[in-house]
Amino acid sequence: MSSLGIQKIRDDAVEWALTHGVAFKESLYSAVHTPFTLTPTPISRAGYQHLKSAAQLLSKLIYAVSEDHGFLYDAIHPITAGDPFFSALLGMHQQIHSSATKAPRLPLLIMRSDFMDDQRDGHKLVEFNGIAAGMGPFGQRIHELHHYLQRQWPAEYGQLSPEAMGELVGNEAIEGLSAGIAEATFKIKQEFGDPGPARFLMIVQEHENNVFDQHLLELALQRKGIETQRRTFRELHNQLSTGANNRLILDGVGPLDTVYLRAGYQYSDYEAADLNEQRCCQALMATRVLIERHRVAVNATVAQQLATSKRVQMLLSRLGEEGFAAFGLTSQEADTVRGVLGEMHPVTPDSACFIKATPSDSWVLKNQGEGGGHCLFGADILAKLATLDPLQYQAWSLMRRLHPVPRAMPAWIVRRGELHRVTDLIGELGIFTVQSDGHPASAAQSFAGYLLRSKSAKSTEGGVHSGQGVLDSLVFSD
């Protein structure tokens, strides 16, 4: 295909992306398109259906774990000495659940389970995302972009990748996520029966530049008749009050039905230099505790954040059949879950010897952090292990490193309007699920769309927002 032809497709794709909100905010008054692939990644129908089923079982499992407060305490307490943030989270959890009566909030679990297709072991779970599990709307939009390019440039698109002209894997993440949120929102609204609109509050980070993905979700909720509000934790300080029957009230706005956290997974989200506190972040963390002490739908609850941690993932990967049964999984369901949970080990005084006895690319060392920059590979693992205090061991875990199969053909990606040819593109597939009060958000199932992020196999940071990843979509290979 001529360079002029591919440049025309690129230009059309960039304009489509900007037209449809597939962008990051660059300044107060400008935006840049989100990086993306020009063609989709192939997947077998059987493989895709298997991951959908596995993700729904993982959602069922994590919901049960998040509501077993004794299990969570026993799981998280050992890491508190080595991880101050998780120590604070566990303290919040204990405050919320210290009473003999059940915390009144309605748990709304919106989770993204991220998988990679390992060359040896097939699809394995990379991690759970239970708080700020975003970019579902972008996942739908890139699917729609690839569908548009299929129709608009059929001859040229087929030359770029013959597989790209196959049946694209549908992705209705915006509708799936908004429908799950709306169901919980209207449930709370109907319980109170007060006048005025149903209301949804999104807690966001200060100076957030990943706002368009969030606004796509908000627009979908607004179309369902839900009023949406945005606040940082700092903006909520002293602005929440209690109405009749534990109704949560936002000053100047009115009653709230759903609180959705796009912040809260790091200390900086709770920092407020202008507040006089005895210890860091006490006031704004108290705001999060206050929310869960009201009758309001919440994603993510503190319990859900703990349940989707790397620590709990490691413990679940080592669970026996009786352990899974205690969380409501049948023997067959437990087998499916075990099949996708990767091999993980706690860090011990013997971990360095264990690592030295295996090839250097066999393991990943992970702490409890969310987002990019929390994984170590190769020689960096031994260097880090040598610096850890024994009190920090429990806050880290070793996971067998996945080596995904790259695309069979080179792929073109577009970043900041420029074309790049990648010969070893690999993907990380996130499956969204929604559980409200222990039940799938719809009568059919909890599946709520997908997000595919792809990158060069040489890159260790695959986030679209924080790493070298790009938005991608799926096409059936059979």
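# Exercises on a predicted model

His237 is buried, with 18% relative accessible area. The model it belongs to is predicted.

**Exercise 1.** Describe the surroundings of His237.

Solution.
- Step 1: Place the residue. His237 sits in the loop that runs between α9 (233-236) and β9 (240-242).
- Step 2: Justify the word "buried". The cut-off is under 20% relative accessible area. His237 has 18%, so His237 counts as buried.
- Step 3: List contacts. Leaving aside residues up to four places away in sequence, His237 touches Leu275, Ala283, Leu284 and Thr287.
- Step 4: Look for a polar partner. The side chains of His237 and Asn238 are joined by a polar contact of 3.4 Å.

**Exercise 2.** Classify the ring pair of Tyr48 and Phe476, and state what it connects.

Solution.
- Step 1: Count the pairs. The model has 11 aromatic pairs.
- Step 2: Check the geometry. The rings of Tyr48 and Phe476 are 6.0 Å apart, centre to centre, with 75 degrees between the planes. Planes over 60 degrees apart count as edge-to-face, and this pair is edge-to-face.
- Step 3: Locate the partners. Tyr48 belongs to helix α2 (residues 45-66) and Phe476 to strand β24 (residues 474-476), so the pair ties together parts 428 residues apart in sequence.
- Step 4: Check burial. Tyr48 is buried at 4% relative accessible area, and Phe476 is buried at 13%.
- Step 5: Add the charge. Arg45 lies over the face of Phe476, 4.2 Å from the ring centre.

**Exercise 3.** Repeat the analysis for Phe71 and Phe327.

Solution.
- Step 1: The pair is edge-to-face, with 5.1 Å between centres and 85 degrees between planes.
- Step 2: Phe71 lies in helix α3 (residues 69-76), and Phe327 in the loop between α13 (321-326) and α14 (331-340), so parts 256 residues apart in sequence are tied together.
- Step 3: Phe71 is partly exposed at 21% relative accessible area, whereas Phe327 is buried at 9%.

**Exercise 4.** Why does one side of β14 and of β16 lack a neighbour in the sheet?

Solution.
- Step 1: Write the order. The open sheet of four strands runs β14-β17-β15-β16, with antiparallel pairing.
- Step 2: Read off the edges. β14 (344-346) and β16 (375-377) stand there with a single partner strand each, so one side of each has no neighbour in the sheet.
- Step 3: Examine a pairing. Four bridges join β15 (residues 363-366) to β17 (residues 397-400), and Leu365 stands opposite Leu398 in β17.
- Step 4: Add the helices. Helix α12 (residues 310-317) packs on the sheet and touches β14, β15 and β17. Helix α16 (residues 379-387) also packs on the sheet, touching β15, β16 and β17.

Definitions and conventions
Residues numbered from 1 in each chain as written. Predicted model: local features only at pLDDT ≥ 70, side-chain atom pairs only at ≥ 80, totals over all residues. Heavy atoms only, no water. Pairing = 2+ DSSP bridges. Helix = DSSP H or I, 4+ residues; strand = E, 2+ residues; numbered from the N terminus. Contact = heavy atoms within 4.5 Å. Axes fitted to C-alpha atoms, helices over the stretch in contact; angles between N-to-C directions. Buried < 20%, exposed > 50% of the residue type's maximum accessible area, 1.4 Å probe, protein only. Polar contact = N/O pair within 3.5 Å; in protein donor to acceptor, adjacent residues only side chain to side chain. Phe/Tyr/Trp six-rings, centres within 6.5 Å; stacked < 30°, edge-to-face > 60°. Lys NZ or Arg CZ within 6 Å of the ring centre and 35° of its normal.
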